[in-house]
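User: I am new to reading protein models and would like to know how the labels are earned. Can we go through some of them one at a time?

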Amino acid sequence: MNENSHSFHEKELRDGQVESVSAGSSPPCDKDSSALLAFRGISISELKNHSVLQALTAEANAWEPRVVSTEVLQAQEEWEAVESIHPETGSRASMDQPGQLISFSEALQHFQTVDLSSFKKRIQPTIRRTGLAALRHYLFGPPKLHQGLREERDLVLTIAQCGLDSQDPMHGRVLQTIYKKLTGSKFDCALHGDHWEDLGFQGTNPATDLRGAGFLALLHLLYLVMDSKTLLMAREILRLSRHHIQQFPFCLMSVNITRIAIQALREECLSRECNRQQKVIPVVNSFYAATFLRLAHVWRTQHKTISDSGFVLKDLEMSAKKSPRRLLKTLETYLAGVSKGQASLLGTQKCSGPQAPHSKDLTFTGVCDLPSHSSEGTWLI
């Protein structure tokens, strides 16, 4: 009995010593261990939203380099493309979950599989020519598009007839992807709001600015931001659009470039190149990007301002349709330089000086706002 009592008191003494050590100064590693335990229960996809990690990275995120290397953007794309894994089940997340980026090919595939017959009825694949204009085009104009490529051409023009539907999850993902890629944000944004004005739409709803280009205008922006090399170009043009003197609405300008591409396709200015490559959509995409690149170069080097927008676009339309192959070669040269880290659209200036906040008072004149001086046709799609 005495032995049991003695053992019991020894156990109490040992337990008390352990508790006193725990209640006293704990080893330095205990704090680290508790922090690790706190993070251990958080999924990888949610870890980036943790307040502690946000605080640790706030200072780094505040610094934005002028030029991001192609390798960094490619690594960023690969990380964003990694599908989320649910820790509870190990299953892959749904492709339609909020925040999932969408590629150009996936968005295009959506239009290739849905019924667009009601929109297709509205298109006019080529412009109507009569009299001398028809004769001149027949004798000296570009070749006709190959028969096997006309269905692809009609798809492009049909997409240009489709509007933005905020109730369609795919449409929402396209908008979210454009916003995240241009701004570098990792968070979803509202489909309506002032943040779209910051990117150069005229209002809080992007759907109101797609006149004459439809959803094709958004697909072109998506194409621009989802390739690491053209993304660098897009961000440079975006910085130029925020110049304190030379500012212009970036997304609205892009919509006007899409309109020029549509008209060039309908006037068969791109037929020769489409026949050569045996493709239509890639040629139209490259023509759009090349035209946007040319506009930015003219805008910067000739010190254009918003009051020049309509005339710049009309001159650009004429030169682009006259020499599309030369324009495409310029884009190829630029992108080759980007791959080598040698190309900079904005030269050494890098849009130095203060960047202007978005102004609702900007008066922008697009290609549809000036009378057409082309004898080839009208702006009907």
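Analyst: We can start with salt bridges. A salt bridge is a side-chain nitrogen of Lys or Arg within 4 Å of a carboxyl oxygen of Asp or Glu. Keep in mind throughout that this is a predicted model.

User: What makes Lys321 and Glu267 a salt bridge?

Analyst: The N to O distance between the side chains of Lys321 and Glu267 is 3.0 Å. The cut-off is 4 Å, so the pair counts as a salt bridge. Side chains of opposite charge can pair when their charged atoms come close.

User: Which parts of the chain does the pair of Lys321 and Glu267 tie together?

Analyst: Lys321 lies in helix α17 (residues 309-322), while Glu267 lies in the loop between α14 (250-266) and α15 (271-277), so the salt bridge ties together parts that are 54 residues apart in sequence.

User: How do you know that Lys321 is buried?

Analyst: Buried means under 20% relative accessible area. Lys321 has a relative accessible area of 12%, so Lys321 is buried. Glu267 is buried too.

User: What makes Lys321 and Glu317 a salt bridge?

Analyst: Their side chains meet at 2.9 Å, N to O. That value is within 4 Å, so the label applies. Both residues lie in helix α17, four residues apart, about one turn of the helix.

User: Why is Glu317 called buried?

Analyst: Its relative accessibility is 4%, and the limit is under 20%, so Glu317 counts as buried. Glu317 also meets Lys314 in a salt bridge, with 3.3 Å from N to O. Glu317 and Lys314 are three residues apart in helix α17, about one turn of the helix. Lys314 is buried, as is Glu317.

User: How many salt bridges does the structure hold?

Analyst: It holds eleven salt bridges.

User: Now the rings. What makes Trp196 and Phe201 an edge-to-face pair?

Analyst: By the rule for rings, the count comes to seven aromatic pairs. In the pair of Trp196 and Phe201, the ring centres are 6.1 Å apart and the planes stand at 75°. Rings pair if their centres lie within 6.5 Å, and planes over 60 degrees apart count as edge-to-face, so both parts of the label are met.

User: Why is the pair of Tyr288 and Phe292 called tilted?

Analyst: Their ring centres are 6.0 Å apart, within the 6.5 Å limit. Their planes are at 55°, which is neither under 30 degrees nor over 60, so the pair is tilted. Tyr288 and Phe292 both lie in helix α16 (residues 281-301), four residues apart, about one turn of the helix.

User: Are these ring residues buried or exposed?

Analyst: Trp196 has 0% relative accessibility, so Trp196 counts as buried. Phe201 counts as buried at 1%. Tyr288 is buried with a relative accessible area of 0%, and Phe292 counts as buried at 0%. Trp196 and Phe201 also form one aromatic cluster with Tyr179.

User: What makes Leu139 exposed?

Analyst: Exposed means over 50% relative accessible area. Leu139 reaches 51%, so Leu139 counts as exposed. Leu139 is found in helix α8 (residues 131-140). Together with Leu132, Leu135 and Phe140, Leu139 forms a nonpolar patch on the surface, with about 490 Å² of accessible area together.

User: How do you know that His171 is buried?

Analyst: Its relative accessible area is 6%, which is under 20%, so His171 is buried. His171 lies in helix α10 (residues 169-183). Leaving aside neighbours within four places in sequence, His171 is in contact with Phe111, Gly163, Leu164, Asp165 and Phe215.

User: Why is Ala160 called buried?

Analyst: Ala160 has a relative accessible area of 6%, under the 20% limit, so Ala160 is buried. Ala160 sits in the loop between α9 (150-159) and α10. Not counting residues up to four places away in sequence, Ala160 touches Ala213, Gly214, Leu216 and Ile262.

User: What is the average pLDDT of the protein chain?

Analyst: The average is 77, and 64% of the residues score at least 70. Over residues 55-65 the pLDDT is below 50, and this stretch has zero contacts in the model beyond near neighbours in sequence. Residues 370-381 also have a pLDDT below 50, but that stretch has 38 contacts beyond near neighbours in sequence.

Technical notes:
Residues numbered from 1 in each chain as written. Predicted model: local features only at pLDDT ≥ 70, side-chain atom pairs only at ≥ 80, totals over all residues. Heavy atoms only, no water. Helix = DSSP H or I, 4+ residues; strand = E, 2+ residues; numbered from the N terminus. Buried < 20%, exposed > 50% of the residue type's maximum accessible area, 1.4 Å probe, protein only. Contact = heavy atoms within 4.5 Å. Patch = residues over 30% accessible without salt bridge, like charges linked within 9 Å, V, L, I, M, F, W, Y side chains within 5 Å. Areas by Shrake-Rupley, 256 points an atom, 1.4 Å probe, with all protein chains shown as cover. pLDDT = per-residue confidence, 0-100.
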